[in-house]
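Reader: I'd like to learn how to read a protein model feature by feature. Can we take it slowly?

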Amino acid sequence: MITPEQAVDAVNKRFGRHAGTRALHAKGTLCKGTFTATPDAARLTRAAHMRGEPVTVTVRFSNGSGDPEEPDFRPDVRGMATKFYLPDGERTDIVAQTSPRFPARTPDAFIEFVRAMQPGVSQVWKLPAFLVRHPEALGGLRAGAAAIKPPASYATRRYYAIHAFKWLDADGGERHVRYRWSPQAGEHSLSGGEAKSRGPDYLQEEIVERLGRDPVRFDLDVQILAPGDPVDDPTAPWREDRETVVGGTLELTELETGRETGGDVLVFDPTRVVDGIELTDDPVLRFRTDAYAVSIERRSGAKRT
């Protein structure tokens, strides 16, 4: 199995190594606000941030590229990472992206995909060879085609937390769920030409301007998986025929200017869960913490916090 060091090396080779930035999702904007859970969420899990009282959040919108100079108008997966600050001082994170499915079931396959997508003549044969070895990735690539279109705003795209988690309620009941952030402003994309006309930093600039006018709101869709649904496969599709409830509303009101300044290091890690939420055996999910630790240390010399 590939090591976290080898994984980050492969990503750095694909996008370059840029001092002080993340290996992936290098370019982004921090915002802050609150999350308020619904009674449906409180019924499904005893997790502290799902009890209905507003909790403070930090959200980072980003482009998927590991190059911080990549222009916003380039086709790319966008990210939305959310950190919840619980009343007892604990924290928990949701890490989501515009593509509803991950391109690989294992860390090794993902790094093989990263290498296959390296721009150049070799992509002509590397990508087809990858798909022959990993046919499950084809559905994800098709689904991801719409996800990489330039958005009108970070606030007008859906973001999928691709992993499943086990939720435990106050009475000991349990079920597996998946999350999705749905924008209350609706979904809106741009043509490549229109996005380019708005400039290389239009997404960063637009979210600042939008927050200056009104709050940005997302609903947290919680999909309840049925018996037999895969819970440890990040390539599994989001099933529209499964029961889905609104688990809460996220309201962002301003930029977050107090984090990631000086020596501050902010880490969003989907394995950072609290009582009432448990991880599955998804190998990609389990791998992320160690890969993040390598990336964090390379960019800042700090440890995961």
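**Reading the model**

Author: Let's start with one residue: C31 has 0% relative accessibility, so C31 counts as buried (buried means under 20% relative accessible area, exposed over 50%, partly exposed in between, with a 1.4 Å probe and protein chains only). Before going on, note that this is a predicted model, where local features need pLDDT of at least 70, side-chain atom pairs count only at pLDDT 80 or more, and totals for chains, interfaces and linings use all residues. Residues are numbered from 1 along each chain as its sequence is written, and side-chain values use heavy atoms, with hydrogens and water left out.

Reader: Where does C31 lie, and which residues does C31 touch?

Author: C31 lies in strand β1, residues 28–37. Helices (H or I, at least four residues) and strands (E, at least two) are DSSP runs, numbered from the N terminus. Contact means heavy atoms within 4.5 Å. Leaving out residues up to four places away in sequence, C31 touches V57, T58, V59, F61, I207, L211, L252, E254, L255 and E256.

Reader: How do I read a pair of packed helices?

Author: Two packed helices are described by the angle between their axes and the distance between the axes. Here the axes are lines fitted to C-alpha atoms, for helices over the stretch in contact, and angles run from 0 to 180 degrees between N-to-C directions. Take helix α1 (residues 4–15) and helix α3 (residues 107–116): their axes come within 9 Å and cross at roughly 15°. That makes α1 roughly parallel to α3 (angles under 35 degrees count as roughly parallel, over 145 as roughly antiparallel, 65 to 115 as roughly perpendicular and the rest as oblique).

Reader: Which residues of α1 and α3 meet?

Author: A7, A10, V11 and R14 in α1 meet I111, V114 and R115 in α3. This contact divides into five nonpolar, no polar and two charged residues. For those classes, Ala, Val, Leu, Ile, Met, Phe, Trp, Tyr, Cys and Pro count as nonpolar, Asp, Glu, Lys and Arg as charged, and the others, Gly among them, as polar. As for α3 itself, seven of its ten residues are buried, namely P107, A109, F110, I111, F113, V114 and A116.

Reader: And at what angle do α1 and α8 pack?

Author: α1 and helix α8 (residues 283–300) pack at about 60°, with their axes 9 Å apart. The two helices are therefore oblique to each other. On the α1 side, P4, E5, A7, V8, D9 and N12 meet F287, D290, A291, V294, S295 and R298 in α8. By class, that contact has six nonpolar, two polar and four charged residues.

Reader: What about the buried side of a single helix?

Author: An α-helix has 3.6 residues a turn, so residues three or four places apart point the same way. In helix α5 (residues 137–147), A137, G140, G144 and A147 are buried. Down the axis of α5, the buried residues fall within an arc of 60° (taken from the directions from the helix axis to the C-beta atoms), so they line one face of the helix.

Reader: Last one: what should I look for in phi?

Author: Most residues other than glycine have a negative phi, and most peptide bonds are trans. H25 has a positive phi near 55°; H25 lies in the loop between α1 and β1 and, at 23% relative accessibility, counts as partly exposed. E260 also has a positive phi, near 55°. E260 lies in the loop between β8 (244–255) and β9 (277–279), and its 30% relative accessibility makes E260 partly exposed.
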